[in-house]
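Work through the exercises below with the sequence and the model open beside you, and try each task before reading its solution.

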2 protein chains.
Amino acid sequence: MKKNEYEQLRLDHQLCFPLYAASRAVTQKYTPILKPLGLTYTQYLVMLVLWEQDGLRVSELCEKLFLDSGTVTPLLKKMEQQGLLTRERSGSDERVVIVHLTEKGMDLREKAKNIPSEIGSCIALSVEEAGALYTLLYKLMNQK
Amino acid sequence: MKKNEYEQLRLDHQLCFPLYAASRAVTQKYTPILKPLGLTYTQYLVMLVLWEQDGLRVSELCEKLFLDSGTVTPLLKKMEQQGLLTRERSGSDERVVIVHLTEKGMDLREKAKNIPSEIGSCIALSVEEAGALYTLLYKLMNQK
DNA sequence: TACAATTATATTGTATTCAATATAATTATG
DNA sequence: CATAATTATATTGAATACAATATAATTGTA
């Protein structure tokens, strides 16, 4: 029984591991594609959010991306330096920082337009598989 | 048609995002569980591999975990300092570093034994869902 | 056997992540 | 209205990740 005692600890019995490895693998696929746009993967996620809805608070960006201020604040500062966005304190509540895209930030959308299909073409999943995966992952990420 | 032009760039149309967010969410579940063992998540993965097969090369650990030497080398040094393992150059090939668990490293396995079920109990997926997810993730991580 | 490739780790530099804490502004309450 | 509690963001510190490069050892080959 000695063998079975630790059976559960086998790497190939873990769900966390392929999740972790697949996530990194997919992120790595983005790196060369995002490089011409001057974006990292996390910066790209911020842009996706802002292209959909500009003028969000830092806290709203954090919520949408499931990231905390320790990650997002330096990220936004860097992106501000790069001229992609602006950060200004709200007039009505000085604690709040509102993020707006610059012209340059908005223009980048055009260059990014085809990235999803580029990525899609190098991900070997059928539409059904991708849909099933999507559903399962959302289930996983939305539980507290 | 302006709206549809950028439809693909919506955050909720991306597969990468729930993958990334779910991965981080799951890793975060491990943090408090691993803390009593003095392990981080990545260190735990190294231990899983070594508990299964001791005496691996650094390169073999890298392959199994899909990590590169820039991640693994400092990780192993830290774990060596903590007394969990030893790193020695191979006699037959001085380029090779062989990693062995110490007594302390092996003993930790007993304390880790129930972690998979602890994690399993806070992951809200059925056995079938977990199986399907597992299969899809392996598909994703194994494509070059 | 010199010495050009190759191989195995290690190092460096940049960019995340996140827990924990700090700070400043606003709100709630006695 | 003073101040305790809360809120929003920022800072700090520790641990990853990974691309790019470096170094040392080994192998292949003219």
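**Exercise 1: the surface near DNA strand C**

DNA strand C is surrounded by 28 residues, of which the closest are T40(A), Y20(B), Q28(B), S59(B) and K77(B); a residue counts as near a strand if one of its heavy atoms lies within 4 Å of it. This is a predicted model, in which local features need pLDDT of at least 70 and side-chain atom pairs count only at pLDDT 80 or more, while totals for chains, interfaces and linings use all residues. Residues are numbered from 1 along each chain as its sequence is written, chains are lettered from A and ligands numbered from 1 in the order in which they are written, and side-chain values use heavy atoms, with hydrogens and water left out.

Task: describe which parts of DNA strand C lie within 4 Å of the protein, and which elements give two or more residues to the surface near the strand.

Solution. Step one is to sort the strand atoms within 4 Å of the protein: 78% belong to sugar or phosphate, and the rest belong to bases. Step two is to look at individual polar contacts, meaning pairs of N or O atoms within 3.5 Å (within protein, one must be able to donate a hydrogen and the other to accept it, and residues adjacent in sequence count only if both atoms are side-chain atoms). The side chain of Y20(B) has an N or O atom 2.5 Å from a phosphate oxygen of DNA strand C, the side chain of T42(A) has one 3.1 Å from a phosphate oxygen of the strand, and a polar side-chain atom of R95(B) lies 2.9 Å from a base oxygen. Step three is to name the elements giving two or more residues: α3 (41–52) and α5 from chain A, and α2 (16–34), α4 (58–65), α5 (69–81) and β2 (85–89) from chain B. Here helices (H or I, at least four residues) and strands (E, at least two) are DSSP runs, numbered from the N terminus. Step four is to class the residues of this surface, which are 6 nonpolar, 11 polar and 11 charged; Ala, Val, Leu, Ile, Met, Phe, Trp, Tyr, Cys and Pro count as nonpolar, Asp, Glu, Lys and Arg as charged, and the others, Gly among them, as polar.

**Exercise 2: the surface near DNA strand D**

Task: state how many residues surround DNA strand D, and find which polar atoms of chain B approach the strand.

Solution. Begin with the count, which is 29 residues, the closest being Y20(A), Q28(A), S59(A), K77(A) and T40(B). Of the strand atoms within 4 Å of the protein, 79% belong to sugar or phosphate. Next, take the contacts from chain B: T42(B) places a polar side-chain atom 3.1 Å from a phosphate oxygen, E94(B) has a polar backbone atom 3.2 Å from a phosphate oxygen, and G70(B) has a polar backbone atom 3.5 Å from a base nitrogen. Finally, the residues of this surface divide into 7 nonpolar, 11 polar and 11 charged.

**Exercise 3: a helix pair across two chains**

Task: describe how α2(A) and α3(B) pack, and which residues meet.

Solution. First, the axes, which are lines fitted to C-alpha atoms over the stretch in contact, are 12 Å apart, and the helices pack at about 120 degrees. The two helices are therefore oblique to each other. Then list the residues in contact (heavy atoms within 4.5 Å): C16(A), F17(A) and Y20(A) in α2(A) meet Y41(B), T42(B) and L45(B) in α3(B). By class, the residues of this contact are 5 nonpolar, 1 polar and no charged.

Definitions and conventions: Axes are lines fitted to C-alpha atoms, for helices over the stretch in contact, and angles run from 0 to 180 degrees between N-to-C directions. Angles under 35 degrees count as roughly parallel, over 145 as roughly antiparallel, 65 to 115 as roughly perpendicular and the rest as oblique.
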